[in-house]
Amino acid sequence: MEVTTSGVAIEATALHKAFTTRQVLLGVDVAIAPGEFVAIVGQSGCGKSTLLRLMAGLDTPNSGVVALAGEPPRPGSPLVRMMFQDARLLPWRRVIDNVGLGLPVGRKADAGSALAEVGLAERGGDWPSILSGGQRQRVALARALASRPRALLLDEPLGALDALTRLEMQGLIERVWQEHGFTAVLVTHDVEEAVALADRIIVLSSGQVALDLRVDLPRPRDHAARRFTELKATVLDEVLGTRHEWGTRMHALAPAPADIADERLVRTA
Amino acid sequence: MTTANLKQNALRQAAPWLVPALIVVVWQALSMAGIVAARVLPAPTEVARAGWELLAAGTLIMDVAISARRALLGFAIGGGIGFVLGLVNGFFPWGARLLDSSVQMGRNIPHLALIPLVILWFGIGETARLFLVAIGVAFPIYINTYHGVRSVDAGLIEMSTTYGLTTWQLFRQVILPGALPSILVGVRYALGIMWLTLIVAESIAATSGIGYVTMNAREFLQTDVLVLGILLYALLGKLADVAARGLERQLLAWHPSYARA
């Protein structure tokens, strides 16, 4: 299902990253092809968000190299846009102006079309405070799309949403990825989400790549398909470090909210 | 239905004035009954008459105008200094390291304690009064601006850098609006200090202004003018507060707690 891609290649080589005394990444090598959708999963504190932040240029590695289209990443580069777990909309700007954030003056019209793409065309004049959590993430997605990025980095953007909104957003992300053809890197703790969206799933464990698995399922994916559940079980076993008969650990899918908070602490430490 | 609504609305509008009105009525009644001597507290009607006389003579308007001018000028100078210092120290860590502890020391000096020194420096002229108002106003504005800038959501700042905002855009579109609720709290607080300082300064050394009028009235035992002056302070204070609230509603329309219901 190869689309004509506008995406960029992302390469991470021998990445090491430590925060004060805590080693987070211990020699991570990841190569992402242009236009590929890669999910990075792992337990809290495994370094998956750190890896993403290194790709965005928000942190610098202690050693190793990150290259985006052959260049070191630079925060603010129009090549890359990032979505965070919280929408991070500016509360004092109306929705449409949030979407147009950082757009050059001549391209403000792109904000309107990006907002239409996420199905919120008529909410442009509202303040962000009156939107629901799902709508805010839609606006954040529109903001990311407005500048036509060639890579989209997603840091658990659906983690705080309810199950139904999350499914809806997954569909939306898959659709815009197929339409735009950018490279997508999704950090998530939700294994099912990873299997539903990604071409490839990378499991990080103790700061290293523990599994690099291709997801060979046709899109849109049937969550009930046998192969889907098999893949989910494989990934989950790797994440949890267990080797069970597949299907026995399904109940452990959703992490407690405390884990999420825990990981944020680690990141900012 | 609509008339009931109108009535309810009118009642709501009038509610804040019920207590002041009640006080005036009780006060008038006590004066008329002779329970409160006119020498101690003149009746509201007497105060109104004194006000009318001063108004007719044209001096009242002039004194209020002079005081208001001093207040606003002092506020602009002191508030401007506090605002700029707060922004610089909030935005640049080295600024805070260099200046914040000095400002904190200065803040804890009661500025009215400087009056003798200020008189020595500037004499009893206009400069001394403006200086005192500016000093009094600068600190609350500084503290709230500094705090406002520092407490802007770090996530928003990080997001803005990933969207390629320049430093100026970051300041103009993220930091300043994010700090604004706190800055406006500082403004309201500073407005109170502004009047307080000015009145003290005017009662010590001035030949015009409301503070001077009340001091003068005390010399001549004109309790009605004295009370009139005090009521004027209340009115001017209320006016400043209304202006500050208007500013909040205007500038913080996005904020759920300031948006008009």
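Here is a short conversation about a predicted model with chains A and B.

Reader: Hello! What makes α7(B) and α8(B) roughly antiparallel to each other?

Author: Glad you asked! The two helices pack at an angle of about 170°, and their axes are 11 Å apart. Angles over 145 degrees count as roughly antiparallel, and therefore α7(B) and α8(B) get that description.

Reader: Which residues meet there?

Author: From α7(B) come Leu156(B), Ile157(B) and Ser160(B), and they meet Leu170(B), Val174(B) and Gly178(B) of α8(B). Sorted by class, this contact has four nonpolar residues, two polar ones and no charged ones.

Reader: Why is Gly178(B) put among the polar residues of that contact?

Author: Gly178(B) is a glycine in α8(B). The classes used here place Gly among the polar residues, so that is where Gly178(B) is counted.

Reader: Why are α3(B) and α9(B) called oblique to each other?

Author: Let's do this one in the same spirit. Helix α3 (residues 59-91) of chain B and helix α9 (residues 210-219) of chain B cross at roughly 130°, and their axes come within 8 Å. Angles from 65 to 115 degrees count as roughly perpendicular and those over 145 as roughly antiparallel. The crossing at roughly 130° fits neither of these ranges, and therefore the pair is oblique.

Reader: Which residues make the contact between these two helices?

Author: On the α3(B) side they are Asp63(B), Val64(B) and Ser67(B), while α9(B) brings Ile210(B), Gly211(B) and Val213(B). By class, the contact of α3(B) with α9(B) has three nonpolar, two polar and one charged.

Reader: How do you know that chain B is more spread out than a compact globule?

Author: Here two values are set side by side. The radius of gyration of chain B is 23 Å, whereas the globule rule gives 18 Å for 261 residues. The value for chain B is well over that of the rule, so chain B is more spread out than a compact globule. Along the principal axes, the C-alpha trace of chain B spans about 75 × 65 × 30 Å. As for secondary structure, chain B has 10 helices and zero strands.

Reader: What does chain B use to touch chain A?

Author: Two elements of chain B, α7 (154-162) and α8 (167-204), each give two or more residues to the side that touches chain A. Of these, α7(B) gives the most, with six residues. In total, the contact takes 14 residues from chain B and 17 residues from chain A. The chain B side divides into eight nonpolar, five polar and one charged.

Reader: And how is chain A divided?

Author: Chain A has domain 1 (10-79 + 151-268) and domain 2 (89-148). Where these domains touch, 11 residues come from domain 1 and nine from domain 2. Helix α5 (residues 163-180) of chain A gives the largest share of the domain 1 side, six residues.

Reader: What makes Arg148(A) worth pointing out?

Author: Arg148(A) has a positive phi of about 50°, although it is not a glycine. Arg148(A) sits in the loop between α4 (133-146) and β6 (151-155) of chain A.

Reader: Which peptide bond of chain A is cis?

Author: The bond from Arg219(A) to Pro220(A) is cis, with omega near -10°. Pro220(A) belongs to the loop between β9 (208-214) and α7 (226-240) of chain A.

Reader: How confident is the predictor in chain A?

Author: Chain A averages a pLDDT of 87, and 88% of the residues score at least 70. Over residues 244-269 of chain A, however, pLDDT stays under 50.

Definitions and conventions: Residues numbered from 1 in each chain as written. Chains lettered and ligands numbered in written order. Predicted model: local features only at pLDDT ≥ 70, side-chain atom pairs only at ≥ 80, totals over all residues. Domains from an automatic or database assignment. Contact = placed C-beta atoms within 7 Å. Helix = DSSP H or I, 4+ residues; strand = E, 2+ residues; numbered from the N terminus. Axes fitted to C-alpha atoms, helices over the stretch in contact; angles between N-to-C directions. Parallel < 35°, antiparallel > 145°, perpendicular 65-115°, else oblique. pLDDT = per-residue confidence, 0-100. Rg over C-alpha atoms; globule rule 2.2 N^0.38 Å.
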